[in-house]
Amino acid sequence: YIINKISRNTGVEKAMIKSIIAAESNFQQFAISHKGARGYMQLMSKTALALGVRNIYDPVENINAGSTYYRMMLDRFGGNRIKALYAYNAGPTAVEKGRIPNQTLRYAKKVMRHYRNFKRMEM
């Protein structure tokens with residue numbers, strides 16, 4: 001339900017929101033990365049703060065902020081899903097400079113693998 005509502009509000013496909021969550025945290029609400037990203041969509045504190053998140057572990061706030069940020073990256077990169085995923089993972093500056101780390105390339109492939117599976121399930 002949360003993902004359906006956020007998808008409608010942000011214009012980000014449900015399958016993509018689920019795919020980012022699967023790749024980022026494997027649907028673990030309290031996940032913390034080695035770099036300090038937190039929650040379902042693995043938000044960095046600075047990004048969460050900029051997007052008005054009060055509780056980074058709150059499912060609605062985390063998924064809404066992560067989806068909003070992905071939407072911002074989609075808009076910034078002309079609707080290009082792959083570049084938006086690169087930017088979600090490595091930051092928009094890395095993408096604009098053409099400096100995409102190998103880990104980010106693998107990340108985007110992983111998200112898109114999940115995406116194809118979630119899209120298939122929607123049918």
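Mentor: Let's begin with a term: a salt bridge is a side-chain nitrogen of Lys or Arg within 4 Å of a carboxyl oxygen of Asp or Glu. Keep in mind that this is a predicted model. By this rule the structure has 5 salt bridges.

Trainee: What makes Glu13 and Arg81 a salt bridge?

Mentor: Set the value against the cut-off. The closest N and O atoms of Glu13 and Arg81 are 3.1 Å apart, and the rule asks for a distance within 4 Å, so the pair qualifies. The partners come from distant parts of the chain, 68 residues apart: Glu13 is in the loop between α1 and α2, while Arg81 is in helix α5.

Trainee: Which residue of α7 forms a salt bridge with Glu13?

Mentor: That is Lys119, whose closest N–O distance to Glu13 is 2.9 Å. The limit is 4 Å, so this pair counts as well. Lys119 belongs to helix α7 and is 106 residues away from Glu13 in the chain.

Trainee: Which residues are linked in a network of salt bridges?

Mentor: Glu13, Arg81, Lys119 and Glu122 are linked that way. You have already met two of the links, Glu13 with Arg81 and Lys119 with Glu13.

Trainee: Why is Glu13 called partly exposed?

Mentor: Its relative accessibility is 28%. Buried means under 20% and exposed means over 50%, so a value in between is called partly exposed. Arg81, at 34%, and Lys119, at 29%, get that label too.

Trainee: What about Asp75 and Arg71, buried or exposed or in between?

Mentor: Asp75 has a relative accessible area of 52% and is exposed, the cut-off being over 50%. Arg71 is at 24%, so it counts as partly exposed. These two form a salt bridge with closest N and O atoms 3.1 Å apart. Both lie in helix α4, 4 residues apart, about one turn of the helix. In general, an α-helix has 3.6 residues a turn, so residues three or four places apart point the same way.

Trainee: How do you know that the buried residues of α7 line one face of the helix?

Mentor: Start with the list: Thr104, Tyr107, Ala108, Val111, Met112, Tyr115 and Phe118 are buried in α7. Looking down the axis of α7, these residues fall within an arc of 130°, so they line one face. On the other side, Asn102, Arg106, Lys109, Arg120 and Met121 are exposed. The cover over the buried residues includes α2 and α5.

Trainee: How does the span of α7 sit against the expected value?

Mentor: α7 has 21 residues and reaches 31 Å from its first C-alpha to its last, close to the expected 30 Å.

Trainee: What makes Phe27 and Phe118 an edge-to-face pair?

Mentor: Two values settle that. Their ring centres are 6.4 Å apart and the planes meet at 70°. Centres must lie within 6.5 Å, and planes over 60 degrees apart count as edge-to-face, so both conditions are met. The pair is one of 3 aromatic pairs in the structure. Phe27 is in the loop between α2 and α3 and Phe118 is in helix α7, so the pair ties together parts 91 residues apart in sequence. Phe118 is buried, at 15%, whereas Phe27 is partly exposed, at 37%.

Trainee: Why is Ser19 called buried?

Mentor: Its relative accessible area is 0%, and buried means under 20%, so the label fits. Ser19 lies in helix α2. Leaving aside neighbours within four places in sequence, Ser19 is in contact with Val111, His114, Tyr115 and Phe118. Ser25, also in helix α2, is buried at 6%.

Trainee: Which residues touch the most other members of the largest nonpolar core?

Mentor: Among its 35 residues, they are Met16, Ile20, Ile63, Tyr70, Leu85 and Tyr88. α1, α2, α4, α5 and α7 each supply at least two residues, and α2 gives the most, with 7. Beyond four places in sequence, the residues that Tyr88 touches include Ile20, Tyr70 and Tyr107. As a general point, nonpolar side chains tend to be buried together in soluble globular proteins.

Conventions. Residues numbered from 1 in each chain as written. Predicted model: local features only at pLDDT ≥ 70, side-chain atom pairs only at ≥ 80, totals over all residues. Heavy atoms only, no water. Buried < 20%, exposed > 50% of the residue type's maximum accessible area, 1.4 Å probe, protein only. Expected span 1.5 Å × (residues − 1). Arc of directions from axis to C-beta. Contact = heavy atoms within 4.5 Å. Core = buried A, V, L, I, M, F, W, Y, C linked by side-chain atoms within 4.5 Å. Phe/Tyr/Trp six-rings, centres within 6.5 Å; stacked < 30°, edge-to-face > 60°.
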